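Me: I have a structure open and would like to talk it through before I set anything up. Could you go over it with me, beginning with the cysteines?

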Amino acid sequence: MSSSLSNLLLFFPQFPQIFTSKDSNLSICSPTQISTDSFGNSSQRKTVLLSNYLASVLAVAVTLNSPLPSLAIPSLNSAQTPLLPPTTPFSQSKNLQIGLENGKIRPCPSTNPGCISTNPKSSSFAFPWVISDNASENAVQKLKEAIMETQKNAKIQVIEDTPEGNKYLQAEIDDGNFGRDVVEFLVKGDVVAYRCMAEKVTYVYPFTTALGDSKGQQERMKKIIAQLGWYAPSFESMD
């Protein structure tokens with residue numbers, strides 16, 4: 001404790017100092033050199049001042065010797081949440097989702113202009129088809145035949161029943177430009193919902209908007225519906 005107090009006195013040189021008058025000259029006594037001459041013959045004043053001084057020094061010593069609160073500093077080696085890769089329209093176009101969504105035909109992706117869909121959320125919207133009265137029982141078979149007869153290098157990928165009791169058909173078709181289109185149909189009673197979407201999306205750097213339109217998909221579906229002879233509503237027919 002004595003060594004600690006000595007060190008503290010080096011850092012606190014401004015503690016109250018005691019001045020005495022002798023031969024008209026002022027002499028300065030350090031706090032560690034307190035004597036009875038500094039205060040005359042008053043032992044009571046000496047005791048009070050010395051007690052106050054020692055109490056101050058001890059208070060500072062206790063404060064400096066007290067442990068500081070620890071700070072929670074994260075370790076550089078601690079596990080961190082991995083950052084997700086940046087998402088761009090080009091990367092999204094490479095992961096086009098096909099198949100039904102909650103038992104319904106999906107809308108066209110915003111990153112793919114080469115698409116039409118009967119889903120009302122699509123920007124390129126098309127009206128569902130209405131099956132003729134005499135074709136409701138074998139509608140899926142007629143769809144398959146119409147696709148194979150009107151489309152180049154068509155390949156039927158999926159024909160299945162849905163949990164809702166509907167029929168789903170998926171096919172791939174050569175788009176004529178070294179790419180493929182995916183055609184999906186959902187037969188529900190006498191109504192056919194569909195989506196026709198290009199698998200290949202073209203971007204030109206540095207633009208982030210894909211090139212192309214849905215005209216090729218519209219013409220493809222017109223050929224299929226013409227082969228079937230079913231009713232296909234359109235905005236033109238409503239004029």
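**Cysteines, core and strands**

Reply: A disulfide joins Cys108 to Cys115, with an S to S distance of 2.1 Å. Please keep in mind that this is a predicted model.

Me: How many disulfides does the count come to?

Reply: The count comes to one disulfide, and both of its cysteines, Cys108 and Cys115, are buried.

Me: Which hand does the disulfide of Cys108 and Cys115 have?

Reply: The disulfide is left-handed, because the torsion about the S-S bond of Cys108 and Cys115 is about -80 degrees.

Me: And why is there no bond from Cys196 to the closest cysteine sulfur?

Reply: The closest cysteine sulfur is that of Cys115, and at 7.5 Å from the sulfur of Cys196 it is too far for a bond. Cys196 has a relative accessibility of 0%, so it counts as buried.

Me: Which residues does Met221 touch, leaving out those up to four places away in sequence?

Reply: With those sequence neighbours left out, Met221 touches Cys196, which we have just discussed, together with Ile116, Trp129, Val183, Phe185 and Tyr194.

Me: OK, on to the core. Which members of the largest nonpolar core touch the most other members?

Reply: That core has 25 residues, and the ones that touch the most other members are Trp129, Leu143, Phe185, Met221 and Trp230. At least two core residues come from each of helix H4 (139–150), strand S6 (167–174), strand S7 (180–188), strand S8 (191–198) and helix H5 (215–228). H4 gives the most, with five residues. As general background, nonpolar side chains in soluble globular proteins tend to be buried together.

Me: Let's switch to S6. How many of its residues are buried?

Reply: Seven of the eight residues in S6 are buried, so the strand is mostly covered by the under 20% relative accessible area criterion.

Me: What does S6 pair with, and in which sense?

Reply: S6 pairs in the antiparallel sense with strand S5 (residues 155–161) over six bridges, and eight bridges join S6 to S7, again running antiparallel. To place the register, Ile159 has Leu169 in S6 as its bridge partner, while Lys167 has Val187 in S7 as its bridge partner.

Me: How many residues lie between S5 and S6?

Reply: There are five residues between S5 and S6, which form a hairpin, and in the turn Gly165 has a positive phi of about 90 degrees.

Me: Charges next. How many salt bridges does a search of the whole structure find?

Reply: The search finds six salt bridges. Among them, the side chains of Lys167 and Asp161 meet at 2.5 Å, N to O. Lys167 is partly exposed, with a relative accessible area of 37%, whereas Asp161 counts as exposed at 53% relative accessibility.

Me: Which residue does Arg180 meet in a salt bridge?

Reply: The side chain of Arg180 meets that of Glu172 in a salt bridge at 3.6 Å, N to O. Arg180 is partly exposed, because its relative accessible area of 22% is not under the 20% that counts as buried.

Me: And are Arg220 and Asp181 buried or exposed?

Reply: Both Arg220 and Asp181 are buried, and their side chains meet in a salt bridge at 3.0 Å, N to O. This pair links distant parts of the chain, with Arg220 in helix H5 and Asp181 in strand S7, 39 residues apart.

Terms used
Residues numbered from 1 in each chain as written. Predicted model: local features only at pLDDT ≥ 70, side-chain atom pairs only at ≥ 80, totals over all residues. Heavy atoms only, no water. Core = buried A, V, L, I, M, F, W, Y, C linked by side-chain atoms within 4.5 Å. Buried < 20%, exposed > 50% of the residue type's maximum accessible area, 1.4 Å probe, protein only. Helix = DSSP H or I, 4+ residues; strand = E, 2+ residues; numbered from the N terminus. Contact = heavy atoms within 4.5 Å. Pairing = 2+ DSSP bridges. Salt bridge = Lys/Arg side-chain N within 4 Å of Asp/Glu carboxyl O. Disulfide = S-S within 2.5 Å.
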